[in-house]
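Please find below a short set of notes on the model, for use while viewing it.

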Protein chains: 2
Amino acid sequence: MTYTIHEVAEKLGISTYSIRYYNDHGMLPFVQRDANNNRIFHDTDLEWLNMIVCLRETGMSVKSIKHYQDLIQEGDDTVNERYAMMCAQQEQTLAEIADLKKHLDTINYKVAHYASILENNEPDSFVPSNLRTEAVGK
Amino acid sequence: MTYTIHEVAEKLGISTYSIRYYNDHGMLPFVQRDANNNRIFHDTDLEWLNMIVCLRETGMSVKSIKHYQDLIQEGDDTVNERYAMMCAQQEQTLAEIADLKKHLDTINYKVAHYASILENNEPDSFVPSNLRTEAVGK
DNA sequence: CGCAGGCCTTCGTCTAACATGAAGGTAAGT
DNA sequence: ACTTACCTTCATGTTAGACGAAGGCCTGCG
């Protein structure tokens with residue numbers, strides 16, 4: 001089973017620009033071309049791309065992903081470093097989730113705040129002329 | 001209690017560049033200046049900045065945050081729109097947390113994969129010459 | 001008194017990770 | 001014949017800053 005660049009883009013929820021970008025930057029070393037020089041993607045390419053998307057969305061830079069790929073191609077000697085990279089990514093992702101949850105609390109508070117205002121038809125603040133009362137809400 | 005720009009930067013874990021950037025872009029309309037034109041920050045400014053950081057880190061653009069601020073200053077008529085904005089932000093943040101958790105699974109799998117390789121001193125793949133076997137691992 | 005240090009300003013350049021357009025080309029489908 | 005989909009290279013725009021330089025305040029220190 002093979003796919004065009006547009007099919008891949010849709011499947012993975014990224015743009016064709018990004019795919020070409022990744023390809024141009026050596027992060028997709030295996031994509032083949034057809035007789036017309038069009039990229040043809042196999043399922044393994046999709047898996048690779050999926051991993052790239054995963055690492056990108058968890059904050060790894062394109063440069064680091066490229067390095068990671070290079071390590072894989074260098075063979076088994078680099079497993080240690082790859083392990084370290086994934087551990088770091090794991091920690092970072094856990095930290096970001098924790099961060100987002102904290103921010104979500106703040107946002108939840110705001111939502112509830114506005115909801116109660118709208119429900120009770122209350123004014124937004126006791127001193128409307130003092131615009132600073134809104135602030136963070138807590 | 002007042003703070004210098006550097007104190008604020010350290011307290012909130014952002015750079016002085018960012019603070020000036022936000023200030024220059026109308027997102028901190030209340031910062032006062034001392035006799036030497038230095039910015040002086042009050043606790044309410046910190047709360048505001050904290051909200052800005054929260055919205056930024058959950059993916060809201062500077063432009064939208066500015067709009068949100070403008071709405072607040074326009075008064076109670078805009079509560080509806082502000083409510084909608086916070087709801088959208090809430091949803092988006094929930095979605096991003098879910099996304100990150102999914103990606104975390106993939107990363108966890110990788111970590112476990114490498115850990116087992118290192119433990120058993122196994123080679124990384126059965127067909128070392130086929131570099132594609134690494135892929136996403138599952 | 002002179003100077004370092006911290007703040008300010010404006011100007012301008014740099015970065016990442018794309019997004020997008022222009023211009024020009026091939027090849028397949030209708 | 002023409003549209004459509006893909007390709008290429010080149011170039012510019014975008015976002016949210018990071019950062020240095022130049023020039024100018026003011027304060028504090030020895």
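The points below cover the surface near one DNA strand and then one helix.

1. This is a predicted model, in which local features need pLDDT of at least 70, side-chain atom pairs count only at pLDDT 80 or more, and totals for chains, interfaces and linings use all residues. Residues are numbered from 1 along each chain as its sequence is written, and chains are lettered from A and ligands numbered from 1 in the order in which they are written.

2. DNA strand D has 16 residues around it, of which A:Arg39, B:Ser15, B:Tyr17, B:Ser61 and B:Val62 come nearest (a residue is near if its C-beta atom, placed from the backbone, lies within 6 Å of the strand). Two or more residues each come from α1 (5-12) of chain A and from α2 (16-24) and α4 (62-74) of chain B (helices are DSSP runs of H or I, at least four residues, numbered from the N terminus). The most, 3 residues, come from α2(B).

3. α4(B) has 13 residues, which at 1.5 Å a residue should span 18 Å (1.5 Å times one less than the number of residues); its end C-alpha atoms are 18 Å apart, in agreement.

4. In α4(B), B:Ile65, B:Tyr68, B:Gln69 and B:Ile72 are buried (20 or more other C-beta atoms within 10 Å of the residue's own; exposed means 12 or fewer). They lie on the same side of α4(B), because they cover an arc of only 95° around the axis, taken from the directions from the axis to the C-beta atoms. The face turned away from this buried side carries the exposed residues B:Lys63, B:Gln73 and B:Glu74.

5. After α4(B) comes B:Gly75, with a positive phi near 100°.
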